[in-house]
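Visitor: Could you take me through one part of this model in detail? I'd like to hear about a single strand, what sits beside it and what packs around it.

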Amino acid sequence: DITTYTFSGHSIGTAGRRHVIVGISGMSTVADRTISSVTVGGITATSVIQISNNNGTFFQRSAIYVAVVPTGTTADIVVTWSAGQLCTGIATWAAYDLRRGVADTTATSTASTGTASISVPGGGFAILYLGSTTNAAARTYTWTNGTERFDQTIEGGVIQTGADNTHQATSATTYTATPNAASDTSGALFASFR
């Protein structure tokens, strides 16, 4: 229950012309907290998209950040919030030879079943990330049109799940994260890159 979370020695993939994409989920029962900064191996990451949601008891924030990190295979990832959070989780993707370090398209959803349609450029990919606060620790998610990479419980009742999908040709695709039961508060993020 702290303001700054350090995830030490986190895997970030093979060194090279690499952007590290970081999914972040945090929860408070006091107020909505904003993210003050994110660093990957000491390199400042830039916000791609964020969403907050609350039901009067739980304040959930999900975010995607990106940083250019050409060296190393592991790094300390540091997330600093505007004030103390009850918990925080992260996930990372390594992306190589991007045209630019910003998303081509983005979308959000605060529905229990997170869903959105985004246009993904040909030769590009979609990053799909959802953070959820629930009273049921056994909550799991199933992704439609994306390859699920993780489905984790963070400190009891907070869940994070993520997926991705590559596209040979430009196309608009609807992505959905379906829980095995309704969640209390969730925020889903969808972003495409090339």
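Guide: Let's go with strand E11, which is joined to strand E14 (residues 158-167) by 10 bridges, the two running antiparallel. To place yourself in that pairing, look for Leu-128, which stands opposite Ala-163 in E14. Keep in mind that this is a predicted model.

E11 itself covers residues 124-133. E14 isn't the end of the story, since 9 bridges also join E11 to E16, again antiparallel. Here the residue to find is Ile-127, which faces Ala-191 in E16. In general, strands of a sheet pair through backbone hydrogen bonds, either parallel or antiparallel.

Now for the surroundings. E11 is mostly covered, with 10 of its 10 residues buried. As a rule, side chains in a regular strand alternate between the two faces of the sheet. Both faces of E11 are covered. On one side you have Gly-124, Ala-126, Leu-128, Leu-130 and Ser-132, and on the other Phe-125, Ile-127, Tyr-129, Gly-131 and Thr-133, all of them buried.

Pick out Tyr-129 from that second group, because it leads on to the aromatics: Trp-93, Tyr-129 and Phe-150 form one aromatic cluster. The model has 4 aromatic pairs. One of them is Trp-93 with Phe-150, a tilted pair at 5.8 Å centre to centre, with 55° between the planes. That pair links distant parts of the chain, with Trp-93 in strand E8 (residues 87-96) and Phe-150 in strand E13 (residues 147-154), 57 residues apart. Trp-93 has a relative accessible area of 11%, so it counts as buried. Phe-150, at 13%, is buried too.

E16, the partner we met on the antiparallel side with 9 bridges, brings in an aromatic pair as well. The ring centres of Trp-143 and Phe-190 lie 6.5 Å apart with their planes at 75°, so this pair is edge-to-face. Trp-143 belongs to strand E12 (residues 141-144) and Phe-190 to E16 (residues 185-193), so the contact ties together parts 47 residues apart in sequence. Both Trp-143 and Phe-190 are buried.

From E12 you can step over to an open sheet of 3 strands, ordered E10-E15-E12 with antiparallel pairing. E10 (114-120) and E12 are its edges, each with a single partner strand, so one side of each has no neighbour in the sheet. On average, neighbouring strands there are turned by 15° against each other, direction ignored. E10 pairs with E15 (residues 171-179) over 7 bridges in the antiparallel sense, and Ile-118 stands opposite Thr-173 in E15.

Definitions and conventions: Residues numbered from 1 in each chain as written. Predicted model: local features only at pLDDT ≥ 70, side-chain atom pairs only at ≥ 80, totals over all residues. Heavy atoms only, no water. Phe/Tyr/Trp six-rings, centres within 6.5 Å; stacked < 30°, edge-to-face > 60°. Helix = DSSP H or I, 4+ residues; strand = E, 2+ residues; numbered from the N terminus. Buried < 20%, exposed > 50% of the residue type's maximum accessible area, 1.4 Å probe, protein only. Pairing = 2+ DSSP bridges. Axes fitted to C-alpha atoms, helices over the stretch in contact; angles between N-to-C directions.
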